[in-house]
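Colleague: I would like to learn how to read a model like this one. Take me through the features one at a time.

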Number of protein chains: 2
Amino acid sequence: MYVVVNAAQSVDGKLSTRRREQLRISGEEDFDRMDRIRAAADAVLVGVGTVLADDPHLTLDEEARRVERLRNGRPGDPARVVVDSTGRTPTDARILDDAATTYLLVSAAATPERREELSDAGAEVIVAGEERVDLLEGTGALAEAGVDRLMVEGGGEVIYSCFAAGIVDELQVYVGSLVVGGRDAPTLADGEGFLEEFPRLELTGTERLDDGIVLSYGVEGRA
Amino acid sequence: MYVVVNAAQSVDGKLSTRRREQLRISGEEDFDRMDRIRAAADAVLVGVGTVLADDPHLTLDEEARRVERLRNGRPGDPARVVVDSTGRTPTDARILDDAATTYLLVSAAATPERREELSDAGAEVIVAGEERVDLLEGTGALAEAGVDRLMVEGGGEVIYSCFAAGIVDELQVYVGSLVVGGRDAPTLADGEGFLEEFPRLELTGTERLDDGIVLSYGVEGRA
Ligand SMILES: NC(=O)c1ccc[n+]([C@@H]2O[C@H](COP(=O)([O-])OP(=O)(O)OC[C@H]3O[C@@H](n4cnc5c(N)ncnc54)[C@H](OP(=O)(O)O)[C@@H]3O)[C@@H](O)[C@H]2O)c1
Ligand SMILES: NC(=O)c1ccc[n+]([C@@H]2O[C@H](COP(=O)([O-])OP(=O)(O)OC[C@H]3O[C@@H](n4cnc5c(N)ncnc54)[C@H](OP(=O)(O)O)[C@@H]3O)[C@@H](O)[C@H]2O)c1
């Protein structure tokens, strides 16, 4: 499986304000770039923190891209994936509508009742891990379900865990021209943090878009 | 006074690890760029957090730059400034040696005894603000002392306050090709964080250095 992480951050690495309110960091050009990456993916993954904060839909904006996918014998929209240990995703979340398949990666900490509620609401529930979701195991199950190319859209907790699990092949980050600040605001990579062995990247490209810049990286040690 | 903020961060906006241990984010080319900015400055400012974490010296690396400054009738090294409300800077800190003038911006919360100890240790103590250091007042006093060009080197708490005080004209940030992670690691701009009126920047230049990239910004609303 090939994993690309994509996010938009302020110059100081923030994905949103300390109130975790969604923030317009980029503009139309970047939204289009993101839609293109989505269109190329078999599935788009977010953490339950993002579902609760933003209630995203994660489908394609551009109808032409949907048509093109269908023409190639693929589903019109990529599948959606939520990383959600205990099943906190609301059953009326937009991500659970029938616009596309939605996988819910839960852990053994999700009760059987909750799993059933979520699968009644339309989710394909996959159990991976004991306390928290085990991303290596979870993405392994997605690969078996046919996901070859996975896009990770955030937030910072899940992105950190993806790097910690060593599953990231590529990072694309839009750096917007503003300062958000806040020692408690979510950043591109939160979690515990690395102390010694840092994931090393290779800067493969830069592109100015809207009022900011997209930095593209490959991850060292991944073929 | 013209204020330029310079820092080195990981892709995810971190200035160091959550242990606040100094971290080599850039390399020789970037150190040289930083030394050039220092050489052009009348003073280099850091917060007491950085003094306690890194015990920096903040003088010039390149002897030729020192000679050039002296030839122009300036002090060999820029003055050093610590933002330090209660005077926590150790009297044996490297920043207090006699390589250059050192201003200590304290607040009224610093006891007269502590102020005296620090001035005995060689610091020029300036009182600005009641609880914390008032940066507008403090930099006003520096301007009166002849500081026309100020370089701010961090850390994230002080950089945030400089943006909040509206005194920043330019930001140069080296983005290194690694992920540090950590919801508690210091970022380029910490503090409380902005919620509505975000400092807006204009991306004026990009330069690839070492294995990363320098992003240069002007601050909107500053002539
Ligand atoms: N600018 C952008 O590009 C962008 C993109 C996405 C999100 N955002 C912003 O980011 C914020 C949300 O980010 P976030 O970091 O709080 O949440 P998040 O990464 O979306 O979700 C984190 C949650 O996922 C669950 N989880 C389960 N297993 C995990 C594992 N192995 N590793 C990590 N998390 C795991 C945890 O909750 P449980 O323990 O309950 O399972 C955890 O709290 C919002 O403010 C949103 O607006 C911005
Ligand atoms: N990568 C880089 O370019 C770079 C550069 C510098 C530092 N660093 C790293 O950054 C970390 C230190 O950063 P930090 O954010 O913890 O500390 P900091 O910004 O260096 O200093 C913060 C301290 O300054 C004092 N202060 C007084 N008045 C203030 C005001 N108005 N606004 C803000 N602070 C005020 C406060 O202590 P009092 O209340 O006691 O006065 C505050 O805790 C270290 O890990 C260091 O290695 C990295």
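Colleague: How many of the 223 residues of chain A count as buried?

Modeller: Buried means under 20% relative accessible area, exposed over 50%, and partly exposed in between (1.4 Å probe, protein chains only). In chain A, 58% of the 223 residues count as buried. This is a predicted model: local features need pLDDT of at least 70, side-chain atom pairs count only at pLDDT 80 or more, and totals for chains, interfaces and linings use all residues. Residues are numbered from 1 along each chain as its sequence is written, chains are lettered from A and ligands numbered from 1 in the order in which they are written, and side-chain values use heavy atoms, with hydrogens and water left out.

Colleague: What area does chain A expose, and what share comes from carbon and sulfur atoms?

Modeller: Accessible areas come from the Shrake-Rupley method with a 1.4 Å probe; for residues, only the protein chains shown count as cover. Chain A exposes about 9,500 Å². Carbon and sulfur atoms supply 43% of that area.

Colleague: Which secondary structure elements make up chain A?

Modeller: Elements are DSSP runs, numbered from the N terminus: helices are H or I, at least four residues, and strands are E, at least two. Chain A has six helices and nine strands. Its radius of gyration is 17 Å, close to the 17 Å from the globule rule for 223 residues, so chain A is as compact as a globular protein of that length. That radius is taken over C-alpha atoms, and the rule is 2.2 Å times the number of residues to the power 0.38. The C-alpha trace spans about 45 × 45 × 35 Å along its principal axes.

Colleague: What share of the contacts in chain A joins residues 24 or more positions apart?

Modeller: Contact means heavy atoms within 4.5 Å. Among contacts in chain A with a separation of 6 or more, residues 24 or more positions apart account for 66%.

Colleague: How are chain A and chain B related?

Modeller: Superpose the copies by least squares on the C-alpha atoms of residues with pLDDT of at least 70 in both. A turn of 180° and a shift of 0.0 Å along the axis lay chain A on chain B, with an RMSD of 0.0 Å. The two copies are thus related as by a two-fold rotation axis. In chain A, Gly13(A) has the C-alpha nearest the axis, 2.1 Å from it. Both copies use the same surface: 100% of the contact residues of chain A recur in chain B.

Colleague: Now the backbone. Where is there a cis peptide bond?

Modeller: Most residues other than glycine have a negative phi, and most peptide bonds are trans. In chain A, the bond joining Gly154(A) and Gly155(A) is cis, with omega about -5°. Gly155(A) sits in the loop between strand 6 (149-154) and helix 6 (156-164). Chain B has a cis bond from Gly154(B) to Gly155(B), omega near -5°.

Colleague: Which residue in the loop between helix 2 and helix 3 of chain A should I check for phi?

Modeller: Check Asp55(A), in the loop between helix 2 (48-54) and helix 3 (63-71). Its phi is near 45°, positive in a residue other than glycine. Asp55(A) counts as partly exposed, at 30% relative accessibility. Then look at Asp210(A), between strand 8 (201-209) and strand 9 (212-219). Phi of Asp210(A) is also positive, near 45°. At 32% relative accessibility, Asp210(A) is partly exposed.

Colleague: Which residues of helix 6 of chain A are buried?

Modeller: An α-helix has 3.6 residues a turn, so residues three or four places apart point the same way. The buried residues of helix 6 are Gly156(A), Val158(A), Ile159(A), Tyr160(A), Cys162(A) and Phe163(A). Gly166(A) follows helix 6, with a positive phi near 70°.

Colleague: Is Arg132(B) buried or exposed?

Modeller: Arg132(B) is exposed, with a relative accessible area of 55%. It lies in the loop between strand 5 (124-127) and helix 5 (135-144) of chain B. Not counting residues up to four places away in sequence, Arg132(B) touches Ser85(B), Ser107(B), Glu157(B) and Ser161(B).

Colleague: And what does Thr204(A) touch?

Modeller: Leaving out residues up to four places away in sequence, Thr204(A) touches Ser216(A), Tyr217(A) and Gly218(A). Thr204(A) is in strand 8 of chain A. Its relative accessible area is 54%, so Thr204(A) is exposed.
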